Amino acid sequence: MGTIDVTTDIESMMDINVMYFASLADEANCQQETVKLPQDTSLTELYEQLSQKHRFSRPQAELRVAVNDYFAKWTDQINDGDSVVFITPVAGG
Amino acid sequence: MTDNIHNHSMTIKRSTDEAYLIADRDGFALLDIAIDENKLKSTLDNDSCGAFVCFEGRVRNHNNATSVDRLTYYGYEDLAINQGRAIIEEAKKRFEITHAIAIHRIGALEIGDVAVWVGVVSAHRYPAFDACRWILDTIKADIPVWKQEYYEDASSKWLSNNG
């Protein structure tokens, strides 16, 4: 359960719960982590940060994103307490 | 280590009974045990329907030229149920069907096991055929389930339906 610390005052920070599945769980070597982010951080910025931290092999263009258990758009805003999952190409059926 | 990382996606957090209730009500659920097709078929029974079409996706022993020993499916259950509900709702708008249910299994599966089951009932046959195919294709494209194949040389690989 790592946290990314970004400096600014604590009032303006939000906690985002990130869950990992499949190859991203392998690369992150964990199921989930809580990330502290400044308000107004975008999903794209969040993936960029985590991608650098965990050295994810897939670029954002190959992924979809889910917020609070629904597919979301990369441009959707995230809020304190949200749960975010990056979705690698699926392989059901 | 690997098992720990993926534990949350190899089993469902609901009970089996609850999963079947959700499948009946919303049209889609994940299961982590063998799919009971008789149960699903009786759920779909409807005297106004002259057609019942069903598809079973089974684990096969090869992928292209490579021999497959076994495989494991992993699912993001809450998103799968939400997205599955949207898929079945959309199928009911697109096709003249009465009801449809689909289940995807997660966890370790053996060759021959049913990984995905789709059943559709309708008054007449063509909408049931068409909806069954569309639902299966859409599940394969959109439901957050991932597959890892294990080969005879003990190696393994994450698969993808779309490159």
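User: In this predicted model, is D69(A) buried, partly exposed or exposed?

Analyst: D69(A) is found in the loop that joins strand 3 and strand 4 of chain A. There are 17 other C-beta atoms within 10 Å of D69(A). A buried residue needs 20 or more such atoms, and an exposed one has 12 or fewer. With a count of 17, D69(A) is therefore partly exposed.

User: What is the phi of D69(A)?

Analyst: Most residues other than glycine have a negative phi. D69(A) is not a glycine, yet its phi is positive, at about 70°.

User: Is A154(B) buried or exposed?

Analyst: A154(B) sits in the loop between strand 8 and strand 9 (156-158) of chain B. Although not a glycine, A154(B) has a positive phi of about 75°. A residue counts as exposed with 12 or fewer other C-beta atoms within 10 Å. A154(B) has 7 such neighbours, so the residue is exposed.

User: In what order do the five strands of the open sheet in chain A lie?

Analyst: The edge strands are strand 2 (32-38) and strand 4 (70-72) of chain A, each of which pairs on one side only. The pairing in this open sheet is mixed, and the twist from one strand to the next averages 35°. The order of the strands in chain A is 2-1-5-3-4.

User: In which sense do strand 1 and strand 2 of chain A pair?

Analyst: Strands of a sheet pair through backbone hydrogen bonds, either parallel or antiparallel. Strand 1 (residues 13-19) of chain A is joined to strand 2 of chain A over seven bridges. Within this region, M19(A) stands opposite Q32(A) of strand 2. The sense of the pairing between strand 1 and strand 2 of chain A is antiparallel.

User: What angle does the direction of helix 2 of chain A make with that of strand 5 of chain A?

Analyst: Helix 2 (residues 43-54) of chain A packs on the sheet and touches strand 1, strand 2, strand 3 (64-67) and strand 5 (83-87) of chain A. Its direction and that of strand 5 of chain A make an angle of about 70°.

User: Which element of chain B gives the most residues to the side that touches chain A?

Analyst: The contact joins 28 residues of chain B to 19 residues of chain A. Several elements of chain B each supply at least two residues to this side, including helix 1 (2-6), strand 7 (114-122) and helix 5 (125-142). By class, this side of chain B has 14 nonpolar, 11 polar and three charged residues. The most, four residues, comes from helix 4 of chain B.

Methods. Residues are numbered from 1 along each chain as its sequence is written. Chains are lettered from A and ligands numbered from 1 in the order in which they are written. This is a predicted model: local features need pLDDT of at least 70, side-chain atom pairs count only at pLDDT 80 or more; totals for chains, interfaces and linings use all residues. Two residues are in contact if their C-beta atoms, placed from the backbone, lie within 7 Å. Ala, Val, Leu, Ile, Met, Phe, Trp, Tyr, Cys and Pro count as nonpolar, Asp, Glu, Lys and Arg as charged, and the others, Gly among them, as polar. Two strands pair if DSSP finds at least two bridges between them. Axes are lines fitted to C-alpha atoms, for helices over the stretch in contact, and angles run from 0 to 180 degrees between N-to-C directions.
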